[in-house]
Amino acid sequence: MNIGMVCYPTYGGSGVVATELGMALAHRGWRVHFITYALPSRLDRFRANIAFHEVDIPSYPLMEHQLYTLALAGKIIDVARYEQLDVLHVHYAIPHAVSGYLAKQVLQQQGIPLKLVTTLHGTDITLIGLDPGFHPLVKFSIEESDAVTCVSAYLRDRTMQLFTDRNNIEVIPNFIDPTVYDRSLYDGAAIRRQIAGDAELVLIHISNFRPVKRVTDTIRILAAVREHGIDAHLVLVGDGPDRAEAEQLCRTLDLCSAVRFVGKVLATAELLAAADIALLPSQNESFGLAALEAMSCGVPVVASNVGGIPEVVTHGENGYLAEPGDIERMARYCVELATHRKKWQRFSTAARAVAIERYSTDRIVPLYEELYRQLTGKDM
Ligand code: GMT
């Protein structure tokens, strides 16, 4: 079976999930065609059964703005016809689901069937999708997709509250390869020395530094932990609009020597192997892939009690949850784990167990395979 995979190629959860899904499907024998404007960042080398189709965006003096939605639809039509796509799987509703719908209609007129699967990831429903200009388009494309999946029960419920009466939205959570996200594979102690010297406690935060991630909270949490007399350091992985503000805050709080900005590192597992606690103080989070990656590496998570995070992180068992912005409480939880090493070890073991038992690639990818089979009536 030929699957078209449409996603953002950048450093972000929806693109990561789409790329990991495509790679896992290809590994299991499906043929996967990525259709997007740049090579997805995790598609870093040749892989059997995977093709990449770059969307070129034409420019013409009349058009002041780029026509990505249309260019994408045009590319989908082309790939679907010549590669005989059976399923088009779009990740993130805006604008991918709209382009997918348009392409499907054009193909239908030419007698070419194409099943459209839309996976909703987060801010396409909770933030950008609520813009009055986008809401009717997101609603329409959800209702016109042949199948819709959400990455958490929380996101499915929000989608039904805010967009549609459609009651056959399937929850298929984010997933992880526990053989890659495995602390024991890396020399965590050596990496730790390089990035944090002899620090007593290493905190880590991985995100795209957008306001919804509240990245400056991680620096304030670090400051509060250090006030408890703990020599803590913070590793910030990623980049984005709030980077400058975060750097400024380090200077203001005189914390520059305790904070390492390492940029958009792709191999996050080895950094996680060097860390004690992962921070995810987001304002909202539909699932929290960064939390799952940390848990798989045996890193307990201190996070906000919002969105889909409580479906992944269990308070008091494999991490701690607090209200977004409650910096003091999050810092106290870090201190608790730093000063009770046996508890940290228990949380660490429990975090890895949950990641393996509930969210491993082998468990989740077959759910997507089954969905494609049901839609097409084809086996593979
Ligand atoms: O931030 C987004 O909404 C975009 C999206 C992305 O592309 O980075 O992230 C979302 O999708 C991830 C993968 O499904 C989830 O793990 C993240 O929780 C989710 N982010 C938010 O809901 C803020």
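**Lining of the largest cavity and two buried residues**

By class, nine nonpolar residues and one polar residue line the largest cavity, and the lining has no charged residues. The model is a predicted one, and a search of the whole structure finds one cavity of 30 Å³ or more. The largest cavity holds about 60 Å³ of space, and its lining is made up of I204, H205, I206, L272, A278, L279, L280, A290, A291 and V301. At least two residues of this lining are supplied by each of three elements, namely β8 (201–206), β11 (277–280) and α11 (289–296).

Two of the lining residues, I204 and H205, also appear among the contacts of V235, which, with neighbours within four places in sequence left aside, comprise I195, V202, L203, I204, H205, R260 and V262. V235 itself is found in strand β9, which spans residues 232–237. Because its relative accessible area is 2%, under the 20% cut-off, V235 is classed as buried. Between V235 and A303, the separation is 68 residues in sequence and 16 Å in space, taken from C-alpha to C-alpha.

A second buried position is T123, which lies in helix α4, a segment covering residues 123–126. The relative accessibility of T123 is 12%, and T123 therefore counts as buried. When neighbours within four places in sequence are left aside, T123 is in contact with Y92, I128, G129 and R210.

Technical notes: Residues are numbered from 1 along each chain as its sequence is written. This is a predicted model: local features need pLDDT of at least 70, side-chain atom pairs count only at pLDDT 80 or more; totals for chains, interfaces and linings use all residues. Side-chain values use heavy atoms; hydrogens and water are left out. Helices (H or I, at least four residues) and strands (E, at least two) are DSSP runs, numbered from the N terminus. Buried means under 20% relative accessible area, exposed over 50%, partly exposed in between (1.4 Å probe, protein chains only). Contact means heavy atoms within 4.5 Å. On a 1 Å grid over the protein atoms alone, a cavity is a set of points where a 1.4 Å probe fits but cannot get out, and a pocket is an open set with protein on both sides within 12 Å along at least five of seven lines; lining residues have an atom within 4 Å of a point. Grid points are joined across faces, edges and corners, and a volume is the space filled by probe spheres set on the points. Ala, Val, Leu, Ile, Met, Phe, Trp, Tyr, Cys and Pro count as nonpolar, Asp, Glu, Lys and Arg as charged, and the others, Gly among them, as polar.
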